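Colleague: Please take one part of this model and go through it closely. Then set it against the rest of the chain.

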Amino acid sequence: FLRNAKPANRSHRLVSFAQMVLECLVLLRIKASSYESAYAIFESLNDRGLRLSQADLVKNELLKVAAPSDRDDVIESWTNAKQVLSDTPIILSELLHYSCLHRHGEAKAQALFSFVKARLSQGLSAKSFATDLQEDAEALEQLLVQRPATWTASTLIMLDDVTKVIALKFSYPML
């Protein structure tokens, strides 16, 4: 916002930004007595504000159903998956979709939250889901960024055809 402004407009933009923060931003600190209460409050507040992405909703559900001893592992796997993606053109919600397609069968991108919630209610653990997501992010990074030296030139050309020329993102779960 400030960096893209012309030098003459920067001070005006800074004042506008500060004014917007002072007049429009509301910080609300809520202490919850348990994780379950925190998630109930989170979901209630979310219903009144901006819509969260499918990935945000899935992360919330994973933390909600994770065993207390697994929550740190779920957070770590989720964070690692997100970090690995920073070097790729793939966003987290796409990875989540690819991972579900690869590991759990047909899943619609717009209904990932419901899909994952159903799998979790059928016995899939939050920790294993998050670990699988991290593994899929690392595999995707291998395909798109690292490309091991052991791969032949022919393999690299075919991979380029699939990922760049044809641009079939849905080929990633298969690969």
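Modeller: One cut-off first. A residue counts as buried when its relative accessible area is under 20%, as exposed when the figure is over 50%, and as partly exposed in between. Arg71 has a relative accessible area of 6%, so it is buried. Keep in mind that this is a predicted model.

Stay with Arg71 for a moment. It belongs to helix α4, which covers residues 71-85. What does its side chain meet? A polar atom of the Arg71 side chain lies 3.1 Å from the backbone oxygen of Leu63. Leaving out residues up to four places away in sequence, Arg71 touches Tyr35, Glu36, Leu63, Lys64 and Ala66.

Now the part I would pick for a close look: a second arginine, Arg103. Side chains of opposite charge can pair when their charged atoms come close. The salt-bridge count for the model is four. Arg103, Asp132, Glu135 and Asp136 are linked in a network of such bridges. Take the partners in turn.

Start with Asp132. Its side chain meets that of Arg103 in a salt bridge, at 3.6 Å from N to O. Asp132 sits in helix α7 (residues 126-146) and Arg103 in helix α5 (residues 92-104). The two are 29 residues apart, so this pair links distant parts of the chain. How accessible is Asp132? Its relative accessible area is 18%, so under the 20% cut-off it is buried.

Next comes Glu135. The closest N and O atoms of Arg103 and Glu135 are 3.4 Å apart, and the pair forms a salt bridge. Arg103 is in α5 and Glu135 in α7, so this bridge ties together parts 32 residues apart in sequence. Glu135 has 40% relative accessibility and counts as partly exposed.

Then Asp136. Here the closest N and O atoms of the bridge to Arg103 are 2.8 Å apart. This pair also links distant parts of the chain, with Asp136 in α7, Arg103 in α5 and their positions 33 residues apart. Asp136, at 10% relative accessibility, counts as buried.

What of Arg103 itself? Its relative accessibility is 31%, so Arg103 is partly exposed, falling between the 20% and 50% limits.

Now the surroundings. Nonpolar side chains tend to be buried together in soluble globular proteins. In this model the largest nonpolar core has 31 residues. Leu62, Leu95 and Leu140 have the most contacts inside it. Helices α3, α4, α5, α6 and α7 each supply at least two of its residues. The largest share, eight residues, comes from α7. Helix α7 thus appears twice in this account: it supplies that share of the core, and it holds Asp132, Glu135 and Asp136.

Which residues does Leu62 meet? Setting aside neighbours within four places in sequence, Leu62 is in contact with Val74, Trp78, Leu120, Ala126 and Phe129.

Leu120 leads on to helix α6. In this helix, residues 112-121, the buried ones are Leu112, Phe115, Val116 and Leu120. Viewed down the α6 axis, the buried residues fall within an arc of 135°, so they line one face of the helix. The general reason is simple: an α-helix has 3.6 residues a turn, so residues three or four places apart point the same way. After α6 comes Gly123, with a positive phi near 115°.

One more link across the chain. Ser53 is in the loop between α2 (35-46) and α3 (54-65). Its C-alpha is 9.2 Å from that of Phe113, although the two are 60 residues apart in sequence. A polar atom of the Ser53 side chain lies 3.1 Å from the backbone nitrogen of Asp56. Ser53 is partly exposed, at 33% relative accessibility.

Last, the whole chain. The protein has eight helices and zero strands. Of its 175 residues, 30% are buried. Among contacts between residues at least 6 apart in sequence, 54% join residues at least 24 apart. The accessible surface comes to about 11500 Å², and carbon and sulfur atoms account for 58% of it.

Conventions:
Residues numbered from 1 in each chain as written. Predicted model: local features only at pLDDT ≥ 70, side-chain atom pairs only at ≥ 80, totals over all residues. Heavy atoms only, no water. Buried < 20%, exposed > 50% of the residue type's maximum accessible area, 1.4 Å probe, protein only. Helix = DSSP H or I, 4+ residues; strand = E, 2+ residues; numbered from the N terminus. Arc of directions from axis to C-beta. Contact = heavy atoms within 4.5 Å. Areas by Shrake-Rupley, 256 points an atom, 1.4 Å probe, with all protein chains shown as cover. Polar contact = N/O pair within 3.5 Å; in protein donor to acceptor, adjacent residues only side chain to side chain. Core = buried A, V, L, I, M, F, W, Y, C linked by side-chain atoms within 4.5 Å.
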